[in-house]
Structure formats: structure tokens, C-alpha cells
Amino acid sequence: MTWDNSTVLPADDIVGALRELKARPGNDLQVMGSTSVARLLAEHDLVDEYQLMIEPIVLGGGKRRFPDDGGARTLELVRSTVASTGVIICAYRVVR
């Protein structure tokens with residue numbers, strides 16, 4: 001991996017590896033990956049903040065970003081920005 005301070009998570013234990021990284025003091029983790037990885041982390045309550053981009057177009061389909069378990073996850077808006085293209089970039093903190 002060529003990025004400083006980066007770790008590739010093992011495909012066979014993403015949840016365990018992320019729990020281990022989060023337990024280390026002083027870590028501010030950003031996980032970038034597929035929709036299925038994001039859903040997996042949400043299912044295991046490992047997401048502290050979501051960064052969402054709201055595009056000014058409705059497509060009527062797409063991949064689901066959140067688990068289908070019916071559980072409510074309360075979020076708190078911590079910042080938002082509107083880009084010149086009309087895209088709204090929002091950061092929501094998970095309220096526990």
C-alpha cells in the first residue's frame with residue numbers, strides 16, 4: 001500500500017480487524033470500500049460517522065447503503081457543504 005498510515009483489512013475478518021484498530025488509542029479511522037463493506041460495518045455498530053453526498057438527480061434505484069435489519073440508527077448532522085454542482089456533502093455522527 002502506498003498511502004501513509006493505511007492498513008488493508010483482511011477480507012476474511014474485516015470486522016475483527018477494524019475492532020482491533022479502533023481499540024488502539026488515538027486512532028481516527030476512515031474506511032473506504034464497497035457498499036457491502038459499509039453495510040457490514042453498520043450491522044456490527046462500527047460506524048461513528050457517515051459522510052454522504054446527495055446528488056441533485058433521482059435515479060430510482062441503486063445499491064442499498066444501510067442494513068435491512070429494521071433497526072433505527074439515530075444520526076446527528078455535524079457539518080454540511082454545498083458544492084458548486086449542487087451536490088450536498090453531509091457528515092452525520094452516530095448517536096449512541
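Contact here means heavy atoms within 4.5 Å. Keep that in mind for the first number. Among contacts in the protein chain with a separation of 6 or more, 55% come from residues 24 or more positions apart. One caution before going on: this is a predicted model.

Now the overall picture. The protein chain has two helices and three strands. Starting at the N terminus, the elements run α-α-β-β-β. Along the principal axes, the C-alpha atoms fill a box of roughly 35 × 35 × 25 Å. Of the 96 residues, 19% are buried. The exposed surface comes to about 7600 Å², and carbon and sulfur atoms supply 52% of it. On charge, we have 11 positive and 13 negative side chains. The centres of those two sets lie 3 Å apart.

Next, the sheet. In what order do the three strands stand? The order is β1-β3-β2, in an open sheet with antiparallel pairing. β1, residues 49–54, and β2, residues 75–82, are at the edges. Each has a single partner strand, so one side of each has no neighbour in the sheet. From one strand to the next, the twist averages 20 degrees.

Take the two pairings in turn. β2 pairs with β3, residues 88–94, in the antiparallel sense, over seven bridges. Three positions let you follow that register on the model. E76 stands opposite R93 in β3. L77 has Y92 as its bridge partner in β3. T81 stands opposite I89 in β3. The connection between β2 and β3 is a hairpin, with five residues between the strands. Look at G86 in that turn: its phi is positive, about 95 degrees.

On the other side, β1 and β3 pair over six bridges, again in the antiparallel sense. Which residue of β3 stands opposite M53? That residue is I89. I89 also stands opposite T81, as we just saw. As a general point, side chains in a regular strand alternate between the two faces of the sheet.

Stay on β3 for one residue, R93. Is R93 buried or exposed? Neither label fits: R93 is partly exposed, because its relative accessible area is 40%, and the partly exposed band lies between 20% and 50%. Leaving aside neighbours within four places in sequence, R93 is in contact with D48, E49, T74, L75, E76 and V78. E76 is on that list, and E76 is also the residue opposite R93. Then there is Q51. R93 and Q51 are 42 residues apart in sequence, yet their C-alpha atoms are 8.8 Å apart in space.

Over to the helices. Helix α2 covers residues 35–43. Which of its residues are buried? They are T35, V37, R39, L41 and A42. What do these buried residues pack against? They pack against α1, residues 14–23, and against β1. After α2 comes D45, with a positive phi near 55 degrees. A general reminder on helices: there are 3.6 residues a turn in an α-helix, so residues three or four places apart point the same way.

Now zoom in on T35, which sits in α2. Why does T35 count as buried? Its relative accessibility is 18%, and the cut-off for buried is under 20%. What does T35 touch, not counting residues up to four places away in sequence? The answer is K63, R64 and R65.

That takes us to K63. K63 lies in the loop between β1 and β2. Is K63 buried or exposed? K63 is exposed, because its relative accessible area is 67%, and the cut-off for exposed is over 50%. So here is the pairing to look at on screen: T35, which is buried, touches K63, which is exposed. S36 is worth a look as well. S36 and K63 are 27 residues apart along the chain, and their C-alpha atoms are separated by 9.0 Å.

To recap. The sheet is open and antiparallel, in the order β1-β3-β2. β3 pairs with β2 over seven bridges and with β1 over six. The buried residues of α2 pack against α1 and β1. And T35 of α2 touches K63, R64 and R65.

Methods. Residues are numbered from 1 along each chain as its sequence is written. This is a predicted model: local features need pLDDT of at least 70, side-chain atom pairs count only at pLDDT 80 or more; totals for chains, interfaces and linings use all residues. Side-chain values use heavy atoms; hydrogens and water are left out. Two strands pair if DSSP finds at least two bridges between them. Helices (H or I, at least four residues) and strands (E, at least two) are DSSP runs, numbered from the N terminus. Axes are lines fitted to C-alpha atoms, for helices over the stretch in contact, and angles run from 0 to 180 degrees between N-to-C directions. Buried means under 20% relative accessible area, exposed over 50%, partly exposed in between (1.4 Å probe, protein chains only). Accessible areas come from the Shrake-Rupley method with a 1.4 Å probe; for residues, only the protein chains shown count as cover. Lys and Arg count as positive and Asp and Glu as negative; His and the chain ends are not counted. The place of a charge is taken as NZ of Lys, CZ of Arg, CG of Asp or CD of Glu.
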